[in-house]
Amino acid sequence: MNANPDRSHVKVAVVGLGAIGQEHVDIYRAAPEAELVAVVDPRADVREEVATRTGVAAYATLADLLAEGAADAISLCTPDHLHFEDATSIIAAGVHLLLEKPITTDPAEADALTQIAEASDVVVMPGHTLRFEPRYAAARQAVADGRLGQVQHGYLRRDNKVSVADRAAGRTSVAFFLGIHDIDALQWITDQQVTEVQALATGATERTGQQAMAVLGTLRLADGAVVQIESAWNLPEDYPTDLDAAFRLVGNEAALSVHSFDAGMHVAGGGFTLPMTAGASLYGAAQGPLALELGTFLRCCLDDAVPPVTMRQAASAVKVVIALEEAVASGLTVAVAPVAAAGAGA
Ligand SMILES: NC(=O)c1ccc[n+]([C@@H]2O[C@H](COP(=O)([O-])OP(=O)(O)OC[C@H]3O[C@@H](n4cnc5c(N)ncnc54)[C@H](O)[C@@H]3O)[C@@H](O)[C@H]2O)c1
């Protein structure tokens, strides 16, 4: 593998320079463990602008980047439907991989990619950013400490503005874009799998007509608890915050909740906004959950360590979203398919 012959820093490339890929670029540039060496995007104007701004090489395709052999690690930030083939090529090239969520939207690909990653000797880490959100980590600790007693029910919400649906342009569903964050967090925090789901979707669709504006579902956890989930990308553009999210669990001894609506900063006058401050760089250093996620990935590459977010867990979240979408289509209660056992073959 190419992986880190010089163990002081990781030579990293970002593939896909859309909304999240550009954040990866900025974070790697500010990270002492990273040297950004290249960017990839088929849009010439975008890749040239980023390459000029950052002083790194630019390629039109992943194949061109891999042929050059200059990267120890890659952040793959392309649209969901490209993840499987590109992730497979990156792992086969012996390059460490940070794979944006969802790892794929196809259940067979989720199994196959999990097997490929587990059989490889590179770091493959799914980009489930809530794992690096201190409040969600504290929620997991509270459940693990038994503070809630027996978890009985809960509620998850993740709503974005309609411009996010416009950007996705029908290529992926709101459950795969937003809901999968909460599903992974739920399974991680409760240390339980979702076993069955029910769901309905809005008749209203985003501008391409291909994807519902909102999906509302009910998830059953292995021990019997029921959790409602709301995933939507129809908030108006003048809504005061980009993210209106909630995570609530109620047990027989206590209830916990996390709210991502008001981060404590208000700008009033000429409109009213609630800016999200978590991702902004501070004194030249990247901070916030995404920076912590990418920093953790870099440390795993340098130390040959197992990432705290596994492909098996990410594949499990994919299977829950697939079940939600089958429940919307059928109107039935749908059992969540298990992830194929390790070494079962794809
Ligand atoms: N972890 C998070 O919080 C988070 C947030 C947003 C998006 N995401 C995920 O990141 C991925 C990208 O989302 P986005 O919102 O940035 O999308 P986007 O549409 O803004 O950007 C996608 C980029 O990929 C480029 N691209 C298309 N085909 C390519 C190819 N073959 N090779 C290289 N680049 C290619 C496009 O030109 C575009 O620049 C999605 O899987 C999404 O779910 C994760």
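Start by selecting A169, which is partly exposed, with a relative accessible area of 25%. That value puts A169 in the middle class because partly exposed covers the range between 20% and 50%. Keep in mind as you click around that this is a predicted model. A169 sits in the loop between α7 (162-168) and α8. Check its backbone while you're there: phi is positive, about 50°, although A169 is not a glycine. Most residues other than glycine have a negative phi.

Now jump to Y283 for another backbone of this kind. Y283 isn't a glycine either, and its phi is positive at about 50°. You'll find Y283 in the loop between β14 (272-273) and α9 (289-303). Is Y283 buried or exposed? Turn on the surface and look: Y283 is exposed, with a relative accessible area of 84%. It earns that label because the exposed class begins over 50%.

Next, go to K101 and P102 and display the peptide bond between them. That bond is cis, with omega at about -15°. Most peptide bonds are trans. P102 itself lies in the loop between β5 (96-100) and α5.

Keep K101 on screen and add H181, which is part of helix α8 (residues 174-190). Which residues does H181 touch, once neighbours within four places in sequence are set aside? They are K101, T129, L130 and R158, so one end of the cis bond is among the contacts of this histidine. H181 counts as buried because its relative accessibility is 14%, and the cut-off for buried is under 20%.

R158 is a handy bridge to the next stop, D244. With neighbours within four places in sequence left aside, D244 is in contact with R157, R158, D159, L235, Y239, S260 and F261. D244 belongs to strand β11 (residues 243-251). At a relative accessible area of 7%, D244 is buried. Show side chains here and draw two distances. One is a polar contact of 2.9 Å between the side chains of D244 and R157. The other, also between side chains, is a polar contact of 2.5 Å from D244 to Y239.

Zoom out now and colour residues 136-256. UniProt lists this stretch, in an unreviewed entry, as "domain: GFO/IDH/MocA-like oxidoreductase". Over residues 136-256 the chain is 27% helix and 40% strand. Select the C-alpha atoms at its two ends as well: they are 10 Å apart.

Time for some empty space. Rolling a probe the size of a water molecule over the atoms shows where such space is left. Head for the second largest pocket, which holds about 270 Å³. What lies nearest its centre? Select V122, V123, V124, V306 and P307, the nearest of the 16 residues in its lining. Helices α5 (107-119) and α10 (311-330) are the elements that give two or more residues to that lining. Colour the lining by residue class and you'll get nine nonpolar, three polar and four charged residues.

Last stop: E23, in helix α1 (residues 19-30). E23 is partly exposed, at a relative accessible area of 39%. Add A44 and draw a line between the two C-alpha atoms. E23 and A44 are 21 residues apart along the chain, and their C-alpha atoms are separated by 19 Å.

Technical notes: Residues are numbered from 1 along each chain as its sequence is written. This is a predicted model: local features need pLDDT of at least 70, side-chain atom pairs count only at pLDDT 80 or more; totals for chains, interfaces and linings use all residues. Side-chain values use heavy atoms; hydrogens and water are left out. Helices (H or I, at least four residues) and strands (E, at least two) are DSSP runs, numbered from the N terminus. Buried means under 20% relative accessible area, exposed over 50%, partly exposed in between (1.4 Å probe, protein chains only). On a 1 Å grid over the protein atoms alone, a cavity is a set of points where a 1.4 Å probe fits but cannot get out, and a pocket is an open set with protein on both sides within 12 Å along at least five of seven lines; lining residues have an atom within 4 Å of a point. Grid points are joined across faces, edges and corners, and a volume is the space filled by probe spheres set on the points. Ala, Val, Leu, Ile, Met, Phe, Trp, Tyr, Cys and Pro count as nonpolar, Asp, Glu, Lys and Arg as charged, and the others, Gly among them, as polar. UniProt positions are given in the numbering used here, feature names are shortened, and annotations may be inferred rather than shown by experiment. A polar contact is a pair of N or O atoms within 3.5 Å; within protein, one must be able to donate a hydrogen and the other to accept it, and residues adjacent in sequence count only if both atoms are side-chain atoms. Contact means heavy atoms within 4.5 Å.
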